[in-house]
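Let's take a walk through a protein model, going from its sheet to its helices and then to its empty spaces. Keep the picture open while you read.

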Amino acid sequence: MRRGFTVLLGPDRAGKTSVLTALTAAEPERLRAIGLDDELAGPRHRAVPALRRLVVRDVLTALRGPRPAYSPDFAMSLLQGGVVHLRDRVMENDPAGRDTLVDSYYYKILAKCRLLGCADAALDWWRGFPQPDLVVWLDVPPEEAWRRGGTANILEHYGERYERASFLAYQRDLAAAMREEVTGLPVVTVPVQPDLSATVAAVRAALYSQEEVLDVAA
């Protein structure tokens, strides 16, 4: 069994939630996944994805423009609910003793709050949360993320308009900010794969290879 927990991290559209869902479906007795999406939060914590949808739908859309309805700090305050939930889930004891995998943890939301212009000192509380013993980085380049398509909220691109240049620039800065936040932690990089099954296999290999390293070091 691993000690601590593992964070799966990467830019928008890296496929983190899909990978975690596939991994835990294949090994439910060994792995549990934690996240803010419906698939990972589960029915017991349905308020978490509901809060996330509310923030995306009603707050993020009103952050920009000539007269923003809300401030970045207000948005950060609501996003903090999800961050604290992830911390609480990490700290709880899993009765089944499974290894814990976390979708992005606080790193991605914190990086987006930084890009939004939130005061760095206000985010320091999050940085004091328990740290993982491993970060698996899905290295999906911004150009590949753009090619995958889909809609985007205002925390996935710069400016008022969702377009290629604003998306690529934002995703590059987001990746750099997340990398800064995990400086000093063990990070295994998984390069972009041709499809989901290959990505799941690569992440599984990264998890189990590091588990062997940790067992030897124990």
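## The sheet in the middle of our tour

Strand 1 and strand 4 (residues 134-139) pair in the parallel sense, and four bridges link them. Keep in mind that this is a predicted model. If you want a spot to zoom in on, try Val7, which stands opposite Val135 in strand 4.

Now zoom out a bit. Strands of a sheet pair through backbone hydrogen bonds, either parallel or antiparallel. Here, five strands form an open sheet with parallel pairing, and their order is 2-3-1-4-5. Which strands stand at the edges? They are strand 2 (31-34) and strand 5 (187-191), and each has a single partner strand, so one side of each is left without a neighbour in the sheet. On average, neighbouring strands of this sheet are turned by 25° against each other, if you ignore direction.

There's a helix to look at here too. Helix 1 lies across strand 1, strand 2, strand 3 (99-103) and strand 4. Relative to strand 3, helix 1 runs at about 160°.

## Two helices packed together

Two packed helices are described by the angle between their axes and the distance between the axes. For helix 4 (residues 72-91) and helix 5 (residues 107-116), the angle is about 180° and the axes are 11 Å apart. Helix 4 and helix 5 are therefore roughly antiparallel to each other.

So who touches whom? From helix 4 come Pro72, Ala75, Met76, Leu79 and Val83, and they meet Ile109, Cys113 and Leu116 in helix 5. Sort the residues of this contact by class and you get eight nonpolar, no polar and no charged.

## Empty spaces

Rolling a probe the size of a water molecule over the atoms shows where empty space is left. How many cavities of 30 Å³ or more does the structure hold? It holds one. Here is that kind of space next to the two largest pockets:

| Space | Volume | Lining by class |
|---|---|---|
| Largest cavity | about 40 Å³ | eight nonpolar, one polar, no charged |
| Largest pocket | about 950 Å³ | 14 nonpolar, eleven polar, ten charged |
| Second largest pocket | about 180 Å³ | nine nonpolar, three polar, five charged |

Start with the largest cavity. Its lining is made of Thr6, Val7, Leu8, Leu20, Leu23, Leu101, Val136, Val203 and Leu207. You've already met Val7, the residue opposite Val135. Strand 1 (5-9), helix 1 (16-26) and helix 9 (196-217) each supply at least two residues of this lining. Which of the elements gives the largest share? That is strand 1, with three residues.

Next comes the largest pocket, with about 950 Å³ of space. It is lined by 35 residues, and the closest to its centre are Asp12, Asp37, Arg52, Lys108 and Glu156. Helix 1, helix 3 (47-59), helix 4 and helix 5 are the elements that give two or more residues to the lining. Helix 3 supplies the largest share, six residues. Notice that helix 4 and helix 5, the packed pair from before, turn up again in this lining.

Last stop: the second largest pocket, with a volume of about 180 Å³. Of the 17 residues that line this pocket, Ala14, Arg148, Gln193, Asp195 and Thr199 lie nearest its centre. Two or more lining residues come from each of strand 4, helix 7 (142-148), strand 5 and helix 9. Helix 7 gives the most, with three residues. Strand 5, by the way, is the edge strand you saw earlier alongside strand 2 in the list of sheet edges.

Methods
Residues are numbered from 1 along each chain as its sequence is written. This is a predicted model: local features need pLDDT of at least 70, side-chain atom pairs count only at pLDDT 80 or more; totals for chains, interfaces and linings use all residues. Side-chain values use heavy atoms; hydrogens and water are left out. Axes are lines fitted to C-alpha atoms, for helices over the stretch in contact, and angles run from 0 to 180 degrees between N-to-C directions. Angles under 35 degrees count as roughly parallel, over 145 as roughly antiparallel, 65 to 115 as roughly perpendicular and the rest as oblique. Contact means heavy atoms within 4.5 Å. Ala, Val, Leu, Ile, Met, Phe, Trp, Tyr, Cys and Pro count as nonpolar, Asp, Glu, Lys and Arg as charged, and the others, Gly among them, as polar. On a 1 Å grid over the protein atoms alone, a cavity is a set of points where a 1.4 Å probe fits but cannot get out, and a pocket is an open set with protein on both sides within 12 Å along at least five of seven lines; lining residues have an atom within 4 Å of a point. Grid points are joined across faces, edges and corners, and a volume is the space filled by probe spheres set on the points. Two strands pair if DSSP finds at least two bridges between them.
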